[in-house]
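Colleague: I am new to this one. Could you take me through it?

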Amino acid sequence: MGDTTVTTLESRATAVPHPVADKTGQSPLRRLRTPRRPRLWFEILLIAVSYWTYSLIRNAVPEQKAEALRNADWLWQLEHHLGIAVEESINHTVNSVTWLIVGMNYYYATLHFIVTIGVLVWLYRSHPGRYAATRLVLFATTGVALVGYYLYPLAPPRLMTNGGFIDTVLVHDTWGSMASGDLKNMSNQYAAMPSMHIGWSVWSGLTIFALARIPWIRVLGLLYPTATLVVIVATANHFWLDAVGGIICLAFGYTVARLWYGAFPHALPRRVAKPRTQPHPPTAERGRAGGCPPAAAGVNAEQAPDEPNRPTEDGHPPARPRPTTHA
């Protein structure tokens with residue numbers, strides 16, 4: 001009976017397969033929600049495809065010129081009612097200083113992309129554990145902005161018929177704006193609400209402020225969205241309330257990241273922890289190398305006699321202990 005019991009246990013031990021589907025003991029959903037070290041080729045491809053898709057959808061939204069102009073008139077009247085309709089004064093004042101407005105035109109056309117990509121590269125290199133969550137904020141912010149472009153077409157101040165605003169790119173013949181000149185047909189002219197110049201710049205500024213260690217760089221992080229706000233108003237590309245819409249979209253992006261990762265990006269570990277693999281149980285060969293079958297070594301260890309099997313004084317082999325049964 002004892003031999004049969006040992007054989008059965010040994011066969012069970014060798015028949016149970018090692019778990020290979022999940023070496024870390026985590027469910028598939030939990031693995032997806034765990035920050036991992038980003039891969040460069042995948043990130044470049046993802047960002048390129050995502051921006052191409054964003055531009056394609058944004059420009060595919062019907063321009064609806066008449067509705068966009070009506071919405072702009074209504075928004076302009078609302079700002080007058082609220083006492084914040086100062087965009088026209090800022091636009092005319094800054095336009096009178098040629099070097100300043102020309103610089104703002106190039107600022108509007110270039111830094112929007114340069115700073116955003118620069119922050120992504122910095123996160124990739126210095127904060128890999130926070131990269132995916134921070135990138136998710138940016139993607140969710142941009143995604144919900146597309147809904148705003150579709151539901152609320154809005155003409156920028158420079159395109160209002162009776163607004164009195166100056167299109168500074170046309171007046172000063174500067175390069176780089178997708179909103180004026182020869183490039184205007186490549187971009188939806190009536191997608192001013194919400195402002196992604198504000199959404200992306202506040203995302204960049206908050207990320208720099210939260211994660212940078214050098215004080216003056218953190219201050220620059222806060223100044224960048226502030227300067228962007230002045231630029232979008234001075235160049236007559238957005239109203240103040242367009243900026244509010246961009247901040248609301250950004251708040252949505254942070255909410256998505258918080259729900260998915262369980263914490264805001266800056267609260268996640270800076271580095272990605274290496275996955276812990278469970279040690280494999282001893283194999284049959286490892287058990288036999290110790291002089292006994294693996295199951296017998298584990299199950300009958302307490303029953304093994306201290307002395308080797310010897311014949312008794314009368315020459316008969318020793319009696320085997322009977323297995324005890326429990327009621």
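**R130 and the confidence of the model**

Modeller: A polar atom of the R130 side chain lies 2.7 Å from the backbone oxygen of L268. This is a predicted model, where local features need pLDDT of at least 70 and side-chain atom pairs count only at pLDDT 80 or more, while totals for chains, interfaces and linings use all residues. Residues are numbered from 1 along each chain as its sequence is written, and side-chain values use heavy atoms, with hydrogens and water left out.

Colleague: Is R130 buried or exposed?

Modeller: R130 belongs to helix α7, residues 128–151. Buried means under 20% relative accessible area, exposed over 50%, partly exposed in between (1.4 Å probe, protein chains only). R130 has a relative accessible area of 14%, so R130 is buried.

Colleague: Which residues is R130 in contact with, leaving aside its neighbours within four places in sequence?

Modeller: Contact means heavy atoms within 4.5 Å. With those neighbours set aside, the partners of R130 are L211, P265, H266, L268, P269 and R270.

Colleague: In which helix is confidence highest?

Modeller: pLDDT is the predictor's confidence in each residue, from 0 to 100. The protein averages 78, and 66% of the residues score at least 70. Confidence is lowest in helix α13 (residues 294–299), at a mean of 44, and highest, at 97, in helix α10 (residues 215–234).

Colleague: How many contacts beyond four places in sequence does the model have for residues 284–308?

Modeller: Throughout residues 284–308 the pLDDT stays under 50. Beyond four places in sequence, the number of contacts in the model for this stretch is 19.

Key: Helix = DSSP H or I, 4+ residues; strand = E, 2+ residues; numbered from the N terminus. Polar contact = N/O pair within 3.5 Å; in protein donor to acceptor, adjacent residues only side chain to side chain.
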